[in-house]
Amino acid sequence: MTPQHLTILTGASRGMGLAMAHQLLGTDRHLLCISRQANDELTAEAKRLGAPLTQWSQDLADTTGAAHRLQTFLDSPPASPWASATLINNAGVIPRIGPLDHCPPDDLANALRVGLEAPMQLTAAFLRATTAWVDAGWRGPRKVLNISSGLGRSAMAAQAPYCAAKAGMDHSWRAPCVAGTRRDRHRHAGATARGRPGGLPRPQPLCGTPAPGPAHSA
Ligand SMILES: NC(=O)c1ccc[n+]([C@@H]2O[C@H](COP(=O)([O-])OP(=O)(O)OC[C@H]3O[C@@H](n4cnc5c(N)ncnc54)[C@H](OP(=O)(O)O)[C@@H]3O)[C@@H](O)[C@H]2O)c1
């Protein structure tokens, strides 16, 4: 059996995530989408193309539950090893716009959980699971793409929770790079994208020395 690429995409039920999901559908890729609602139109398109698609109904505000579910999935070996593994942290939430003290506590917590805590938990689960694959001899590329925003760099009045979540997301990638990569098996690729569809970069290595071959190989 030909190995398939695995792509995990959060927030694919609408907006930019849905647009990316449509582009990612293909017979050589298993697309796992994670959001609270499944998208029927995407299911129909996958069926039409014969493209493997799984849509999880999962609230990402339950960050440890989501990470545990992803880890369990990644720990279950597929029929043949994945050709590559990619995690795209796209889901995000803009809570009520206004002064911080006007933001309802639940909305504030939800924005930080979905926008910052969930991507970090999912990334940790992804790296834990794929590092175990590498230890077992797997040599495919693994990549993480975080969908950020210009507001992660330039704060905007009345959007403190969103700005904080995106700034935290950006910074969360810098820390592993500062720590360095003591062992080759910890090399992984990551990228942070700011902005809108069409402007997405190819993941570039943020940590360790690039492996020979494509710039984003782990
Ligand atoms: N649109 C822009 O102009 C722009 C600009 C810069 C950056 N961005 C970033 O790009 C990304 C996508 O933006 P967008 O405008 O396409 O967003 P959107 O249309 O609001 O879609 C958000 C996606 O996130 C999912 N989501 C929200 N809360 C969730 C939760 N609790 N659990 C699971 N999934 C949840 C939603 O699915 P469910 O509702 O089904 O759960 C939906 O699929 C975000 O990270 C955003 O910050 C967007």
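Student: Two residues count as in contact if their C-beta atoms, placed from the backbone, lie within 7 Å. With that cut-off, what share of the contacts between residues at least 6 apart in sequence join residues at least 24 apart?

Tutor: Keep in mind that this is a predicted model. The protein chain has 5 helices and 7 strands, and from the N terminus on they run β-α-β-α-β-α-β-α-β-α-β-β. Among contacts between residues at least 6 apart, the share that joins residues at least 24 apart is 62%.

Student: Thanks! Which helix gives the most residues to the shell around the ligand?

Tutor: There are 22 residues around the ligand, and G11, G15, S35, R36 and G92 come nearest. By class, this shell holds 8 nonpolar, 10 polar and 4 charged residues. The helix giving the most, with 3 residues, spans residues 15–24 and is α1.

Student: Why do the buried residues of α1 lie on the same side?

Tutor: The buried residues in question are G17, M20 and A21. They are on the same side of α1 because they cover an arc around the axis of only 105°.

Student: And what covers those buried residues of α1?

Tutor: Start with L9, which, leaving aside its neighbours within four places in sequence, is in contact with G17, M20 and A21, among others. L9 belongs to β1 (5–10), one of the elements covering the buried residues of α1. The cover includes β1, β2 (29–35), α2 (40–49) and β4 (84–89).

Student: Which helix gives the most to the largest nonpolar core?

Tutor: That core has 40 residues, and I8, L9, A21, A66, L70, L122 and F126 touch the most other members. The helix that gives the most to this core, with 8 residues, spans residues 105–135 and is α4.

Student: Let's turn to β5. How many of its 7 residues are buried?

Tutor: In a regular strand the side chains alternate between the two faces of the sheet. On one side of β5, R142, V144, N146 and S148 are buried, and on the other K143, L145 and I147 are buried too. For comparison, buried residues make up 36% of the 218 residues in the protein chain. In β5 (residues 142–148), the number buried is 7.

Student: One last thing: which residue in β5 is the bridge partner of A85?

Tutor: A85 falls within β4 (84–89). Strands β4 and β5 run parallel and are joined by 5 bridges. In β5, the partner of A85 is R142.

Notes. Residues numbered from 1 in each chain as written. Predicted model: local features only at pLDDT ≥ 70, side-chain atom pairs only at ≥ 80, totals over all residues. Near = placed C-beta within 6 Å. Helix = DSSP H or I, 4+ residues; strand = E, 2+ residues; numbered from the N terminus. Nonpolar A, V, L, I, M, F, W, Y, C, P; charged D, E, K, R; others polar. Buried ≥ 20, exposed ≤ 12 C-beta atoms within 10 Å, placed from the backbone. Arc of directions from axis to C-beta. Core = buried A, V, L, I, M, F, W, Y, C linked by C-beta atoms within 7 Å. Pairing = 2+ DSSP bridges.
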